[in-house]
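Let's walk through this structure together, one selection at a time. Have your viewer ready, and pause wherever something catches your eye.

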Amino acid sequence: TPAITRFQQYLRINTAHPHPDYSAAVSFLDGLAKSIPIPNLLHTRTLYLTTPQKPLLLVTLPGSNPSLPSILLNSHLDSVPAEPSKWSHPPFSAVRTKDGSIFARGAQDDKCIAIQYLEAIRNILHKDPGFRPIRTLHICYVPDEEIGGLDGMARFVESQEFRDMNVGFFLDEGQASLNDEYRVFYADRSPWNLVIKATGQPGHGSKMFDNSAMENLMKSVEVVSRFRENQFDLVKAGVLANSEVISANPVYLRAGIPSSSDGKFVMNMQPSEAEGGYDVRLPPTVDPDLLKKRIADEWAPATRNMSYHIVEKGPLRDYMGRPLITATNDSNPWWAVFKHAVEDCGGKLSKPEILASTTDARYMRVRGIPTFGFSPMKNTPILLHDHNEFLKDTVFLEGIKVYESIIKALTSFKGATP
Ligand code: MET
Ligand SMILES: [Zn+2]
Ligand SMILES: [Zn+2]
């Protein structure tokens, strides 16, 4: 089918870091939007918020009542890198196997929704050429989500173009579901990049002494590991979900004196410095100050010649000081609209969850804009950032139907805006 072909074409554009081809992606999506046969209705704009290398594409279907807050659907243009030698099919080939699986980096995260949004609009207008949304519908295709969004969504929400859009509801990416129910996310965990550093007594590689940098770092690594284990035990015991505990995963360790440029180390020297990097994720409900105290007192105590540096990759509280959570009850009228839209097309939603990872949704929630994370992929293994990422054609096509229902419901919702 043409929708599958268009999905494959988009997947073949390599937008993986560190050299994402944003301009090819944007011109492809721009062309796709303009190919929807609705003359003079839909329009597109490309914004350059930082450099010409980082475009942001906006697709707009104007509503009949532009005074109502608009609906914004989001998909990031970029992907994480892939290691081709570890894939069963080349990661930018978008090969479709006999069983309908389409293999590509970005198939789940999140190029599927990029195309599904446009296919849904195409289908709605094909079935009802007179369709005109009440609220204005926008889609934004943003760069750099996978590297924190500072030159992407974080910049966009500061722009006059964004303010003029008067966004009332935001829909962002979610995650695949292993069963028959679609997953929906009302919050993300917030990422911290934590670097702990140890200094210590240097010396001959043969000597036994206290207070070496390596010894000091390794003690910390043990302490963090014990914390990690305790958090993980809560998950394994079923007390809390993965996304409801603090994760602290080591991502690099660095120490040693290089012998020259050959990447080997001098073996008979104990180094005076050593460091470790952690990907830390905090659920929206935890107190960040408590974790900071734990890091200062236990993970990197100055008494053991340790120091640390935290880079907070995004906010933890909104402009009112509240956790970045979108309500999934009657206090948020969009919840019922969204839920019924999924159910109306035969879909089922599982209990709303916190997302274990992090998306650009945080830049909307910090402004108090109701935001859900949703990618309609059911009965699908969760393969984001993994080797052999794929999505089945049938799942992709069913997702288009879901978005048809969601887009119609959201854009025609006249109710009170909180
Ligand atoms: C660190 S900002 C978020 C980047 C990416 N989506 C992640 O969850 O890791
Ligand atoms: Zn990702
Ligand atoms: Zn993503």
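The stops below go from annotated sites to a ligand and then to two sheets. Keep in mind throughout that this is a predicted model.

**Stop 1: the annotated active site**

Select Asp-78 and Glu-145, which the unreviewed UniProt entry lists under "active site". They span 68 residues in sequence, yet no two of their C-alpha atoms are more than 6.7 Å apart, so they gather at one spot.

Centre on Asp-78 to begin. You will find Asp-78 in the loop between strand S3 (70–76) and strand S4 (95–96). Is Asp-78 buried or exposed? A residue counts as buried when 20 or more other C-beta atoms lie within 10 Å of its own; Asp-78 has 23 and is therefore buried. Leaving aside neighbours within four places in sequence, its contacts include Thr-15, His-17 and Pro-20, and also Asp-144, Glu-145 and Glu-146.

Now move across to Glu-145, in the loop between strand S6 (137–142) and helix H4 (153–156). Glu-145 is buried as well, with 25 other C-beta atoms within 10 Å. With neighbours within four places in sequence again set aside, the contacts of Glu-145 include His-76, Asp-78, Thr-359 and Asp-360.

**Stop 2: the annotated binding site**

Next, select His-76, Asp-109 and Glu-173, given as "binding site" in the unreviewed UniProt entry. These residues span 98 residues in sequence, yet no two of their C-alpha atoms are more than 8.6 Å apart, so they too gather at one spot.

His-76 sits in strand S3 and is buried, with 27 other C-beta atoms within 10 Å. Beyond four places in sequence, His-76 is in contact with Asp-110, Val-142, Glu-145, Glu-146 and Asp-360. Its contact with Glu-145 links this stop to the previous one.

Glu-173 is found in the loop between strand S7 (167–172) and strand S8 (185–188). It is buried, with 25 C-beta neighbours inside 10 Å. Among the residues Glu-173 touches, not counting those up to four places away in sequence, are Ser-75, Asp-110, Thr-359 and Gly-373.

**Stop 3: ligand 1**

Which residues are around ligand 1? Select Glu-145, Glu-146, Gly-148, Pro-191, Lys-313, Ser-357, Thr-358 and Thr-359. By class, this shell has one nonpolar, four polar and three charged residues. You have met Glu-145 already, as one of the annotated active-site positions.

**Stop 4: a four-stranded sheet**

Switch to a cartoon view and look for the open sheet with strand order S11-S13-S9-S14 and antiparallel pairing. Its edge strands are S11 (247–255) and S14 (306–312), each pairing on one side only. On average, neighbouring strands in this sheet are turned by 20 degrees against each other, direction ignored.

Zoom in on S11 and S13 (residues 273–282), which pair in the antiparallel sense over eight bridges. Asn-249 makes a handy landmark: it stands opposite Asp-279 in S13.

**Stop 5: a three-stranded sheet and its helix**

Finally, find the open antiparallel sheet ordered S4-S5-S17. Here S4 and S17 (390–392) are the edge strands. S4 and S5 (residues 101–103) pair over two bridges in the antiparallel sense, and Val-95 stands opposite Phe-103 in S5.

Now add helix H10 (residues 393–411) to the view: H10 packs on this sheet, touching S4, S5 and S17. The direction of H10 makes about 70 degrees with that of S17.

Technical notes. Residues numbered from 1 in each chain as written. Chains lettered and ligands numbered in written order. Predicted model: local features only at pLDDT ≥ 70, side-chain atom pairs only at ≥ 80, totals over all residues. Near = placed C-beta within 6 Å. Nonpolar A, V, L, I, M, F, W, Y, C, P; charged D, E, K, R; others polar. UniProt positions renumbered as here; feature names shortened; annotations may be inferred. Buried ≥ 20, exposed ≤ 12 C-beta atoms within 10 Å, placed from the backbone. Contact = placed C-beta atoms within 7 Å. Pairing = 2+ DSSP bridges. Axes fitted to C-alpha atoms, helices over the stretch in contact; angles between N-to-C directions.
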